[in-house]
Amino acid sequence: MKGKLICCLVLFLGLELQFAGAEPEAALRKLAYSGPIIDVHLHTTPPLSAAGKPNPVTGRKGASTAQELCDATLTACRDYKIVRAVLNAHPGTAEPWIKADPKRFLVAPMVLNTDAQPVLQIELLRAQLKSGEATMLGELMTQYAGLRPDAEVLEPYWKLAEELDVPVTIHTGTSFPGTAHAGYPRFRLSLGNPMLLEEVLVRHPKLRVWIAHGGQPWTQETFALMSQYQQVYMDISTICWIGGPRGRPAFHAFLQEAIKRGLGRRIMFGSDQMAWPDAIGLAIEGVDSAEFLTADQKRDIFYANAVRFLRLQEPLQ
């Protein structure tokens, strides 16, 4: 996750960062949507590339430590009625979050390092999933590891996820400029294309998978993949807030096109707060400000789609 700088998704929607200083506190902004929210894309530790650095949209300093990130993120979850949230967690990093609020958080272990080596062995992962210690597989950073999703090293994890009927999320899209020369020599832009998932989906027809960041900049590929493979969902993390208010027209155009394509019930809200808990409020506002969305469509994106896909038991409180 060190490579997930705030500028990582700017390029693929043409969004414009704002460095004009801090905006008003996001948690105090008035929203049209007042229902429950599920955030399917949080992280337990701030990436080194963002830790302690200012959020480029708000100017607020990012969390420097995992505990600081946990405390501030939990506050934002409570402020915004985020009733459940998925934690992408490297081994050993989720415990403080679960201890702080055991009902709210769902653990999704991150099983792959950017050196393409598994960090969680398959039998240990199986045990965690069966015991309920883990609920799903966390964000697979295959692109950073220089791997296609159908690489041999990942096959046991896809197979296990299908066998136990647990969902998986995978990073798709792009990253910050020069990633391959900034500590991630295995990174390849071309490996972010969601269409590379197709062989996995053919091999594992019962696999539940969602692609992170809306697959941007591969818009048409994302829509085509989701239209062909009905078990594929997407989250709109980062792309819903990265550009601030000036970037919303591009994000809204993408979201509106997805709705027109009949994909509205397979879009899930996610923030990808990285080191910036205030991004959660920005992300919610990014969706809430889409005037073309009906009340039912907002509820689907913020809540109902995740309940269905993650097979959560209601009522969620």
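Colleague: How many residues of strand S3 (residues 105-109) are buried?

Modeller: In this predicted model, strand S3 has two faces and both are covered, with Phe105, Val107 and Pro109 buried on one side and Leu106 and Ala108 buried on the other. The strand is accordingly described as mostly covered, and the number of its residues that are buried is five of five.

Colleague: Which residue in S3 does Leu87 stand opposite?

Modeller: Strand S2 (residues 82-89) and S3 run parallel and are joined by five bridges. Together with helix H2 (residues 95-100), these two strands make a right-handed β-α-β unit. Within S3, the residue opposite Leu87 is Val107.

Colleague: What share of the residues reach a pLDDT of 70 or more?

Modeller: One stretch calls for caution, since over residues 1-28 the pLDDT is below 50, although beyond near neighbours in sequence this stretch has 102 contacts in the model. For the protein as a whole the mean pLDDT is 90, and the share of residues that reach 70 or more is 91%.

Colleague: Why does the radius of gyration of the protein agree with a compact globule?

Modeller: The C-alpha trace spans about 45 × 45 × 40 Å along its principal axes, and buried residues make up 60% of the 317 residues. A compact globule with 317 residues would have a radius of gyration near 20 Å, so the value for the protein agrees with that expectation, being 18 Å.

Colleague: What percentage of the contacts with a separation of 6 or more is accounted for by residues 24 or more positions apart?

Modeller: The protein has nine helices and eight strands. When its contacts with a separation of 6 or more are considered, the part that comes from residues 24 or more positions apart is 78%.

Colleague: Which strands are the edge strands of the open sheet of five strands?

Modeller: The open sheet has the order S4-S5-S6-S7-S8, with parallel pairing. An edge strand in this sheet pairs on one side only, and the two that do so are strand S4 (137-140) and strand S8 (267-268).

Colleague: Which residue in S6 stands opposite Thr169?

Modeller: Strand S5 (residues 168-170) and strand S6 (residues 209-211) run parallel, and three bridges join them. In S6, the residue that stands opposite Thr169 is Trp210.

Colleague: Why does Thr238 count as buried?

Modeller: Thr238 is found in the loop between strand S7 (232-235) and helix H7 (244-260). Its C-alpha atom is separated by 12 Å from that of Val57, which is 181 residues apart from Thr238 along the chain. Buried means under 20% relative accessible area; Thr238 therefore counts as buried, because its relative accessibility is 0%.

Colleague: Which residue has the backbone nitrogen that the side chain of Thr58 reaches at 3.2 Å?

Modeller: Thr58 has its place in the loop between strand S1 (37-43) and helix H1 (66-79), and Thr58 is buried, with a relative accessible area of 3%. The backbone nitrogen that its side chain reaches, at 3.2 Å, belongs to Arg60.

Colleague: Is Tyr303 buried or exposed?

Modeller: Tyr303 lies in helix H9 (residues 295-310). Leaving aside neighbours within four places in sequence, Tyr303 is in contact with several residues, including Tyr33, Ile37, Val83 and Leu316, whereas the C-alpha atoms of Tyr303 and Pro249 are separated by 23 Å. Because its relative accessibility is 4%, Tyr303 counts as buried.

Definitions and conventions. Residues are numbered from 1 along each chain as its sequence is written. This is a predicted model: local features need pLDDT of at least 70, side-chain atom pairs count only at pLDDT 80 or more; totals for chains, interfaces and linings use all residues. Side-chain values use heavy atoms; hydrogens and water are left out. Buried means under 20% relative accessible area, exposed over 50%, partly exposed in between (1.4 Å probe, protein chains only). Helices (H or I, at least four residues) and strands (E, at least two) are DSSP runs, numbered from the N terminus. Two strands pair if DSSP finds at least two bridges between them. A crossover is right-handed if, with the strands pointing away from the viewer, the path from the first strand over the helix to the second runs clockwise. pLDDT is the predictor's confidence in each residue, from 0 to 100. Contact means heavy atoms within 4.5 Å. A polar contact is a pair of N or O atoms within 3.5 Å; within protein, one must be able to donate a hydrogen and the other to accept it, and residues adjacent in sequence count only if both atoms are side-chain atoms. The radius of gyration is taken over C-alpha atoms; the globule rule is 2.2 Å times the number of residues to the power 0.38.
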